[in-house]
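Trainee: Got a minute to walk me through this one?
Mentor: Sure. Pull it up and we'll go through it.

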Amino acid sequence: MHPICKKSMLEIKNLHATVGGKEILKGINLVIKPGEIHALMGQNGAGKSTLSNVLVGHPAYTVTEGSVTFNGKDLLAMSPDERSHEGLFLSFQQPVEIPGVSMVNFMRAALNAKRRYQGLEPLDAAAFLKLMREKRKIVELDNKLTSRSVNEGFSGGEKKRNEIFQMAMLEPTLSILDETDSGLDVDALRIVAEGFNKLRTPETSAIVITHYQRLLDYLKPDVVHVLINGRIVKTGGPELALEIENRGFDWIKEESEHA
Amino acid sequence: MHNLSAVNPIDQYIELFHTQRRLIDANSHPVLNVRRKTAAAAFERLGFPSRKVERYKYTDVAAAFAPNYGLSLGKQTANSRALDNTTNSEDPALIAALYGTLADVETDAITALNTMLVQELTVIHVPADTHKEHPVQIVHTLRSTAPLMQNRRLLIIAEAGSHVQVILNEKADEQQDFLTTQVTEVFVGEGAHVELYDIESTSARCHRFHQVFADVAAGGHFTQTAFTLSGGLSRNQTDVRLSGSSAEAILLGCVITDGHQHVDNNTLIDHRAPGCRSRELYKYVVDQQSTGAFAGRVLVREEAQQTDSEERNANLVCTDEARMWTQPMLEIYADDVKCSHGSTVGQLNADALFYMRQRGISEAEARMLLKQAFAAEVIDTIPLEALRPRLYALVENRFRSCEDCKLCK
């Protein structure tokens with residue numbers, strides 16, 4: 001199951017981070033290899049979203065200690081847009097509405113910025129629209145939605161499908177799904193999860209942040225981590241998520257306190 | 001060329017008028033000469049408005065008129081030939097009957113100064129029930145070998161049931177100082193429809209004053225759109241009188257400023273008759289050290305029952321040095337009306353910025369897209385749909401050239 005012979009894609013070492021002067025991450029260590037899906041579980045406030053925000057370079061978060069390398073490069077030295085060009089993608093817990101900026105202009109700006117970074121010519125309008133059509137199908141996103149302003153007037157489920165659509169357009173190598181299952185009904189969850197699975201390759205990895213087993217039923221993580229109070233206190237296989245589903249987090253908390 | 005010295009601007013303008021009256025009159029449409037004397041007396045009495053004058057409190061007028069400009073009083077030069085004392089009306093009696101009847105020289109100094117010195121008159125006269133299929137476009141391109149002052153007059157007469165769209169484009173050579181005053185009088189007859197689009201793309205060395213006076217008769221419609229894309233000091237003052245029942249006025253403004261630009265929009269919508277409707281939307285993007293001002297007064301008189309009025313001013317202030325003054329005013333004397341007014345001042349949405357950056361869009365590009373989106377609301381509101389693509393392009397170019405110069409980075 002674990003392709004140990006492969007080089008690691010993401011290496012987080014002793015990562016400490018603060019927001020508003022308060023330390024949230026207190027020494028995270030994590031290694032992700034190409035093709036792996038890591039689930040990150042834990043109660044509210046444990047630091048899951050902070051970790052994802054720190055990885056994508058949100059300006060409100062300050063790294064105070066530790067390092068993160070992504071494909072051998074110093075991730076923390078890069079701007080948010082460079083991190084995106086390098087293949088990092090965050091499916092936002094709360095996708096932002098941007099009135100007045102059309103989905104088309106938004107995606108074209110994003111895709112062509114990445115192509116420029118890769119030394120490629122920008123896509124012409126026809127090729128771009130064709131690509132939009134193809135990728136839309138992956139998450140069954142309506143044509144009407146992609147002709148609107150970014151996320152404006154989208155339902156909760158549509159917003160999450162739109163996140164996976166953008167992921168399909170940008171073809172990241174490491175995706176972070178931050179509670180992508182929250183606010184989704186059973187059908188929307190299936191569409192989002194199946195869309196995500198269609199995009200998987202042996203080279204692409206993901207960090208899946210969730211409270212629930214049902215998303216993991218679809219995504220089948222290789223590794224499950226439990227985050228408590230800014231540290232990863234327990235790591236296991238897919239069975240750990242099932243155990244948490246049945247027993248909650250308290251037993252892990254006690255275990256870690258007595259360790 | 002007659003030079004105006006910077007020593008005491010008021011005296012210099014008045015002296016110029018008295019000493020050159022013959023030359024001014026000789027090279028003007030005769031209708032313009034009738035009101036000069038009254039205007040001169042009013043200007044002498046009023047002087048340049050200080051900041052204590054309510055409607056001028058956001059703009060230092062005397063400073064704008066102080067530099068040494070030349071006036072071309074003789075036969076108009078080739079540069080302004082396109083507008084050289086032109087009228088397309090065949091009804092001089094009508095022009096004489098209406099000219100200067102809306103533009104009040106007794107209370108407004110800029111209007112008085114313009115009326116005293118003006119030599120260029122453009123008349124757009126649309127006879128009753130005539131629909132002008134294509135917009136009338138007037139392009140002013142300011143070019144001069146020396147600093148130049150220009151005074152202009154536009155008279156729009158839309159008789160009952162007529163329909164006309166007018167586009168004003170003002171551009172200026174970036175290497176020269178210009179001062180322009182324009183007074184526009186708009187007579188909207190019963191059931192007539194007038195749209196006036198004023199697009200300024202001048203330079204940092206240009207001072208521009210535009211006073212618009214409109215009267216809308218019963219069932220008439222007047223739209224005015226002021227796009228200030230670039231300039232030095234721009235002041236647009238618009239007074240609309242809704243004098244017949246069920247008349248309508250829409251005032252729109254889109255202002256983009258940077259450098260040391262100053263843009264001041266001052267409006268008055270006077271609801272004088274029942275059942276009239278007015279809408280106002282002004283949006284500003286104020287960057288670098290530039291300053292913006294908006295003051296909009298909506299007056300609903302006692303007889304103006306069933307008035308329906310909305311006024312909104314929204315502003316993006318992009319830097320710590322940029323300043324915006326906003327003053328929406330609503331004055332109601334009728335008791336059965338629906339009126340709202342409000343203003344907002346804010347910065348670009350940080351969450352939207354970060355969302356875009358996570359998708360790989362650079363900060364500069366993301367900021368530009370958000371500013372364009374902000375301005376787009378005004379463009380999307382203008383009735384002349386054919387003009388929208390050009391305005392989108394002008395606004396995008398305006399923001400792009402700013403981002404490219406990197407002065408603000």
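Mentor: One term before we start: two strands pair if DSSP finds at least two bridges between them. Also, this is a predicted model.

Trainee: OK. Which residue stands opposite B:Asn315?
Mentor: That's B:Val345, in S18(B).

Trainee: And how do S16(B) and strand S18 of chain B pair, over how many bridges?
Mentor: In the parallel sense, over 9 bridges. Strand S18 covers residues 338–346 of chain B.

Trainee: What about strand S14 and strand S16 of chain B?
Mentor: Parallel too, with 10 bridges. S14 is residues 277–286 and S16 is residues 308–317. Within S16(B), B:Val317 stands opposite B:Val286.

Trainee: Switching topic. How is chain B divided?
Mentor: Into domain 1, 2–347, and domain 2, 349–409. Their C-alpha centres lie 27 Å apart. Domain 1 puts 19 residues into the contact, and domain 2 puts in 16.

Trainee: Which element gives the largest share on the domain 1 side?
Mentor: S10(B), with 5 residues. By class, that side of domain 1 has 10 nonpolar, 5 polar and 4 charged residues.

Trainee: Now the two chains. How many residues of each are in contact?
Mentor: 20 from chain A and 17 from chain B. Helix H2, strand S7, helix H3 and helix H6 of chain A each supply at least two residues of the chain A side.

Trainee: Which of those gives the most?
Mentor: H3(A), with 5 residues.

Trainee: And what classes make up the chain A side?
Mentor: 12 nonpolar, 6 polar and 2 charged.

Methods:
Residues numbered from 1 in each chain as written. Chains lettered and ligands numbered in written order. Predicted model: local features only at pLDDT ≥ 70, side-chain atom pairs only at ≥ 80, totals over all residues. Contact = placed C-beta atoms within 7 Å. Helix = DSSP H or I, 4+ residues; strand = E, 2+ residues; numbered from the N terminus. Nonpolar A, V, L, I, M, F, W, Y, C, P; charged D, E, K, R; others polar. Domains from an automatic or database assignment.
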